[in-house]
Amino acid sequence: MYLILQYYVTPQSLQYDSTWADKDLSNMQCPESISLCYRSTRIYFGTMLEAIVSAGPKVKVIHSEIPTPGPDQVLIRVAVAAANPKDWKVPEWTGTEKNQGDDGAGFVEAVGTNVAGFKKGDRCAGFHETGSAGGTYGEYALFPAHLTLHVPSNMSFEEASTVPVTAGTAAVGLFATDGGLGLPSPASPASEPMPLVIYGASGSVGAFAVQLAKKANIHPLICVAGAGAKTIEHLLDHSKGDTIVDYRKSDKAVTQAISAALSGEPLKHALDTIAHGSTSTNIAGAMTDGGTIARTLPGEGELPNGVEQFQLSVSVVHTQQQDFGRDMYELFGQGLEHGWLEPRPFEIVRGGLNSVEKALIDLKAGKASAVKYVLRIDETDGLDGTA
Ligand SMILES: NC(=O)c1ccc[n+]([C@@H]2O[C@H](COP(=O)([O-])OP(=O)(O)OC[C@H]3O[C@@H](n4cnc5c(N)ncnc54)[C@H](OP(=O)(O)O)[C@@H]3O)[C@@H](O)[C@H]2O)c1
């Protein structure tokens, strides 16, 4: 366990949180020379382990400073981090070396000065801001408070860690009016049939899209999946026309099956979470009257039938769509609490931070079928099990 010494300095004195200090500092005086320090200055001493991902993927575990939360951030002691495909893709595409973990769950360690609603010791999960310091492949991580959610007492950190990034991606793709399909949301559900294709529905983004669309009363849901279909079958409402289309037959069969599931209704919207090869073309073949496909990856050429496509980006919840993000993560917290939002099935990749590389190699190899790889940080070599 690494000690965190938390203190702040005023013009008169040096004050500290004695429950965290390793020695008595009560007689220390603040030198006149640092009278420009303010009460809000908080400095965390100590180092932690974190995993740095580079192209390959290659991962090294290093010692780093424990990050200090900014005014609107939550510092968590990470119990479990979950791996996402972007964690190996971004280093490969950009040549950068960073702690790429964005999904995680654990205990709140400290909160920034503007943060309400979270306090030390709370169990939470959140979406770390991609590319910034304090990723979840570390003993401590930073979440923006507006993308942090409380974990229900009956839910494990493993389960909770599967939610933030991909549920957020699904929400942006479906509901955002700027950067998404702008479909009716759970706050203002659909009142008439509105067919929606979710391509890759057994994947993490896809499975959350199924659940969020259902909450928004969007039906029929036409869910394209393969071996992982069994993990979403129970989420469908067959009485409203929801169905599964198996992508493993042929491209033509997929388009035909989508068309058949429409029962004459026009298909105007689709979320393509795979967005690779023929996936969007398969959807567009069933969009006989135009339509729009939101893709998780860039377009790969024009689509038939005048179908429009755009690439969504979940990172908007960190930037121009923070209010939308706040509403959605509050909704996710409620959904987990009330049971209408399920976490994804997970597989623990043993070895904590030392196994981030294995998790990412397996993700890159396409081995993850309807499963989220998660890492327990306390299994990392060099920790004593209390981090
Ligand atoms: N733009 C953004 O902001 C953003 C955000 C998050 C993710 N993404 C991207 O979105 C993609 C999906 O992410 P994810 O986390 O959902 O991935 P994931 O959970 O790892 O996806 C795995 C699933 O993909 C399914 N799959 C593979 N090939 C398929 C195909 N041809 N047709 C239908 N399903 C297929 C598999 O289904 P079966 O097991 O049933 O075969 C598997 O369950 C990734 O490329 C990721 O990088 C983008």
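**Note on the predicted model: ligand shell, two enclosed strands and backbone exceptions**

1. Of the 387 residues of the chain, 49% count as buried. The model is a predicted one, and its chain holds 8 helices and 18 strands. Among contacts between residues at least 6 apart in sequence, 65% join residues that are at least 24 apart.

2. On confidence, the mean pLDDT of the chain is 90, and 87% of its residues reach 70 or more. The stretch to treat separately is residues 1–43, where the pLDDT is below 50, although this stretch has 53 contacts in the model beyond near neighbours in sequence.

3. The ligand has 31 residues around it, of which Gly203, Gly226, Gly228, Thr296 and Ser369 come nearest. Two or more residues of this shell are given by each of helix 1 (86–94), helix 3 (164–175), helix 4 (204–215) and strand 12 (221–225), and the largest share, 3 residues, comes from helix 4. By class, the shell is made up of 14 nonpolar, 15 polar and 2 charged residues.

4. Where does the ligand lie with respect to domain 2 and domain 3? Domain 2 (49–162 + 343–379) and domain 3 (167–315) both give residues to the shell, and the ligand therefore lies between them.

5. Strand 12, one of the elements that give two or more residues to the ligand shell, is itself largely enclosed by the rest of the structure, because 5 of its 5 residues are buried. In a regular strand the side chains alternate between the two faces of the sheet. In strand 12 both faces are covered, with Leu221, Cys223 and Ala225 buried on one side and Ile222 and Val224 buried on the other.

6. Strand 12 pairs with strand 11 (residues 196–199) in the parallel sense, over 4 bridges, and within this pairing Tyr199 stands opposite Val224 of strand 12. Ala225 can also be related to Asp246, since the C-alpha atoms of these two residues are separated by 5.3 Å although they are 21 residues apart along the chain. Asp246 is found in strand 13 (residues 243–246). Is Asp246 buried or partly exposed? Asp246 has 13 other C-beta atoms within 10 Å, below the 20 that a buried residue needs and above the limit of 12 for an exposed one, and so counts as partly exposed.

7. Strand 18 (372–376) is mostly covered, with 5 of its 5 residues buried. Lys372, Val374 and Arg376 on one side and Tyr373 and Leu375 on the other are all buried, which leaves both faces of strand 18 covered; the buried residues of this strand thus include Lys372 and Arg376.

8. Which strands pair with strand 18, and in what sense? Strand 6 (residues 73–82) pairs with strand 18 in the antiparallel sense over 3 bridges, and the bridge partner of Ala82 in strand 18 is Val374. Strand 17 (residues 346–348) runs parallel to strand 18 and is joined to it by 3 bridges, with Phe346 having Lys372 as its bridge partner.

9. Some backbone geometry deserves a check by eye. Most residues other than glycine have a negative phi, and most peptide bonds are trans. A cis peptide bond joins Gly56 and Pro57, with omega about 0°, and Pro57 lies in the loop between strand 4 (47–54) and strand 5 (58–65). Another cis peptide bond joins His219 and Pro220, with omega about -5°; Pro220 lies in the loop between helix 4 and strand 12, two elements that each give two or more residues to the ligand shell.

10. Positive phi values appear at two alanines. Phi of Ala275 is near 50°, and this residue lies in the loop between strand 14 (269–272) and helix 6 (279–284). Ala275 is buried, because 21 other C-beta atoms lie within 10 Å, where 20 or more are needed. Phi of Ala370 is likewise near 50°, and Ala370 lies in the loop between helix 8 (356–364) and strand 18. With 20 C-beta neighbours inside 10 Å, Ala370 also counts as buried.

Note on methods: Residues numbered from 1 in each chain as written. Predicted model: local features only at pLDDT ≥ 70, side-chain atom pairs only at ≥ 80, totals over all residues. Near = placed C-beta within 6 Å. Nonpolar A, V, L, I, M, F, W, Y, C, P; charged D, E, K, R; others polar. Domains from an automatic or database assignment. Contact = placed C-beta atoms within 7 Å. pLDDT = per-residue confidence, 0-100. Pairing = 2+ DSSP bridges.
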